[in-house]
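Please go through the sequence and the fold below. The report that goes with them is brief.

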Amino acid sequence: MSNEVLVTCELHGAGARRTMVLRLNRPKQLNALNSELMDQLGAALLAADGDAAVGCIVLTGSDKAFAAGADIAAMARKTCAEAMAEPFITRNWETIRQVRKPVIAAVAGFALGGGCELAMMCDFIIAADTAKFGQPEIKIGIIPGAGGTQRLPRAVGKSKAMDMVLTARMMDAAEAERAGLVSRVVAADKLMEEVLAAAEAINVLSPASVALAKACVNKSFQGGLDDGVDYERRVFHSLFATEDQKEGMAAFLEKRKPEWRLR
């Protein structure tokens, strides 16, 4: 295994909670995702999630590509038995699902195949107007394998997802916003400015409320409506046991900024 740094870490902001920017760093391969990169990304995500000074995580790539897919050269010769024994993708692609803090994908350029799937694993996507999304795996004799056939329909609906998965066509940023795949589109030269501003808006909030709000939204995709509403209600009630709830409401009534106590 090489010592190459495939994910760089940059801490931004000056408040009590700051933003950790994780940048995919295989520029010559357009940030194609291989096992070593995903190991480094998983470790960086867990480290940021465990750092009390970090309130929000941003995942990004380069101007040309967020990630242009999984590394085809690294998997072309795998057999079915080898892929299952590793287990390929399962071992180190799902670490992001363990992260309790918000993860924002900042996407410019290509987010294709595994790159599109990785972006969809984030809590929301802010895209540059240069972004292009797609699931072109069918062109090389496979299908999406990191959640593309499951998360894409939930984001854009069955018809558009089928169109993208079966024809391998790409969706530009404007269409992605209309379809609900991304939360907003900004000028490419303003992407990180806008994303860091969104992260800072999260950083000044109660960390407990943020983590539980994220959990509740994710719950809505994991079962029926009744179960989701029941879960949300229990979490809502539980927050009344926190000092941050008392402080937040007192600050609102007293027309001042809250001072979160993380309790």
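What follows covers one residue, the strands around it and one helix.

**A residue in strand 3**

This is a predicted model. Thr-60 belongs to strand 3, which spans residues 54–60. Its relative accessibility is 4%. The cut-off for buried is under 20%, so Thr-60 counts as buried. Leaving aside residues up to four places away in sequence, Thr-60 touches Val-21, Leu-22, Arg-23, Leu-24, Phe-66, Ala-106 and Met-192. Ala-106 is also the bridge partner of Thr-60 in strand 5.

**Strand 5 and its neighbours**

Strand 5 covers residues 103–107. Five of its five residues are buried, so the strand is largely enclosed by the rest of the structure. Val-103, Ala-105 and Val-107 point one way. Ile-104 and Ala-106 point the other way. Both sets are buried.

Strand 5 pairs with strand 3 and with strand 7, residues 124–128. The table lists both pairings.

| Strand pair | Sense | Bridges | A bridge partnership |
|---|---|---|---|
| Strand 3 and strand 5 | parallel | four bridges | Thr-60 with Ala-106 |
| Strand 5 and strand 7 | parallel | four bridges | Ala-105 with Ile-125 |

**Helix 4**

Is helix 4 mostly covered or mostly uncovered? Helix 4, residues 114–121, is mostly covered. Eight of its eight residues are buried. They are Gly-114, Gly-115, Cys-116, Glu-117, Leu-118, Ala-119, Met-120 and Met-121. Glu-117 is thus listed among the buried residues of the helix.

How values were computed: Residues are numbered from 1 along each chain as its sequence is written. This is a predicted model: local features need pLDDT of at least 70, side-chain atom pairs count only at pLDDT 80 or more; totals for chains, interfaces and linings use all residues. Side-chain values use heavy atoms; hydrogens and water are left out. Helices (H or I, at least four residues) and strands (E, at least two) are DSSP runs, numbered from the N terminus. Buried means under 20% relative accessible area, exposed over 50%, partly exposed in between (1.4 Å probe, protein chains only). Contact means heavy atoms within 4.5 Å. Two strands pair if DSSP finds at least two bridges between them.
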